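Got your viewer open? Load the model, switch to cartoon view, and let's take a walk through it.

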Amino acid sequence: MSPHLADIIIAIHRFVLYPEETWFCLATFLSAVGVFQWGSILHLKLVQWHRPKKAPDEESTSSPTRPPKRFSLARLPLAAVNIYRVVAFRWTLEFGPYAIKMAEVFVTIAYVALLLTWTFINTTDLEGIKFDINYWSNRAGMLAASQFPLVTALGTKNNIVSLVTGITYEKLNYVHRVTARSCFGLLLIHAGSEVHRNNHFQVFLQETWLRLGVTALVALGILCVVSLRVIRTEAYELFFYTHFLAVLIVLSGAYFHTKAIHGSVWIWPSFVVWALDRCIRLVRLVVSNHLYFGFTRRSGSLHATTELLCEDFVRVRLRRPPHFHWSPGQSAYLIMPSVSTLPFEAHPFSISSIDSSLFH
């Protein structure tokens, strides 16, 4: 067997294997975060359960001051956790008017390092040439394609990442943008290397699968631009509709572009994740608004009044449905079909009252 043919066989093997290993690393990390998160919740519940309850008269007569506790090695893990939380979530890096938490910095660096490592690792051919383009060119594209289900899941409100880690959708949205832009970077590496190593690239450009790949890459690039914070803040409607259309183009183009090399196995789960999220949101919408849809005798009772307090501040008042509960700091997405441009257009509103039913 010639060295060139052996290099091709090795490159194909790693081309298939390394996306799976990347997912193994991500799954391990997410599982560790999930164990830590749910372990902390379980520990808190156990402490509250084992804590002795005081009688009312004992609470009134107890001294308000507590004696100082001695140093205990058993409290070191809790101290380490508190230090981590302070560094990760309170320390920030500021870039002009924008600031990102250290936890976000760590996730960004770690994720980019993971993708680049698995892209360029073991790329020395049998003749000793390091970073052989035949090893990492297609691998970069397949690694990016393998991340599409994760990118899609992080962009949905009902996703398994939130379920496992306990991190809310709003906080995961930053990671969603990081993963998408990282995939775009890998695809640029893939596309640029393919143009460089193929002298007859323009001839291949006549093929439908290649045109669809280029179209998907351009759509993803546009999506990365319109998702910048300054554009999302100043022209959210533009971002919203462009995002929906561009995602459809990216996933469809990527599916047919990778189908010939069996890479579409990484693409079609993205459609499943998106469809599942939409189904769950539709069910929650109907269940949460069953009074509005007329499933009970109390239909039509979800009336609201609006008041414009200033140019950028609207107050909405409505009677709380019996099944609706919330926690401090939460917001609610409200749909107003009579005034919305689209029938299911939702806008976030901060909740300025206390759910008194939680304290009964």
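We'll go from the whole chain to its core, and then to one helix.

**The whole chain.** Keep in mind that this is a predicted model. Colour by secondary structure and you should find 14 helices and six strands. Of the 360 residues, 28% are buried. Switch on a surface: about 24900 Å² is exposed, with carbon and sulfur atoms supplying 66% of it.

**The core.** Now select Tyr111, Phe148, Leu150, Leu154, Cys183, Leu187 and Leu220, the residues with the most contacts inside the largest nonpolar core, a set of 37 residues. Which elements give two or more residues to this core? Highlight H1 (3–50), H4 (102–120), H5 (133–146), H6, H8 (169–197), H10 (208–226) and H12. The largest share, nine residues, comes from H8.

Next, centre on Cys183. Beyond its neighbours within four places in sequence, Cys183 is in contact with Tyr111, Ala144, Gln147, Phe148 and Val151.

**Helix H13.** Move on to residues 268–288, which form helix H13. Try a distance between its end C-alpha atoms: they are 30 Å apart, which agrees with the 30 Å that 21 residues should span at 1.5 Å a residue. Show side chains for Pro269, Ser270 and Asp277, which are buried in H13. Look down the axis: these residues cover an arc of only 110°, which puts them on the same side of H13. What covers the buried residues of H13? Select H6 (148–154) and H12 (236–258), which are included in that cover.

Technical notes:
Residues are numbered from 1 along each chain as its sequence is written. This is a predicted model: local features need pLDDT of at least 70, side-chain atom pairs count only at pLDDT 80 or more; totals for chains, interfaces and linings use all residues. Side-chain values use heavy atoms; hydrogens and water are left out. Helices (H or I, at least four residues) and strands (E, at least two) are DSSP runs, numbered from the N terminus. Buried means under 20% relative accessible area, exposed over 50%, partly exposed in between (1.4 Å probe, protein chains only). Accessible areas come from the Shrake-Rupley method with a 1.4 Å probe; for residues, only the protein chains shown count as cover. The expected span of a helix is 1.5 Å times one less than its number of residues. The arc is that of the directions from the helix axis to the C-beta atoms. Contact means heavy atoms within 4.5 Å. A nonpolar core is a set of buried Ala, Val, Leu, Ile, Met, Phe, Trp, Tyr and Cys residues joined through side-chain atoms within 4.5 Å.
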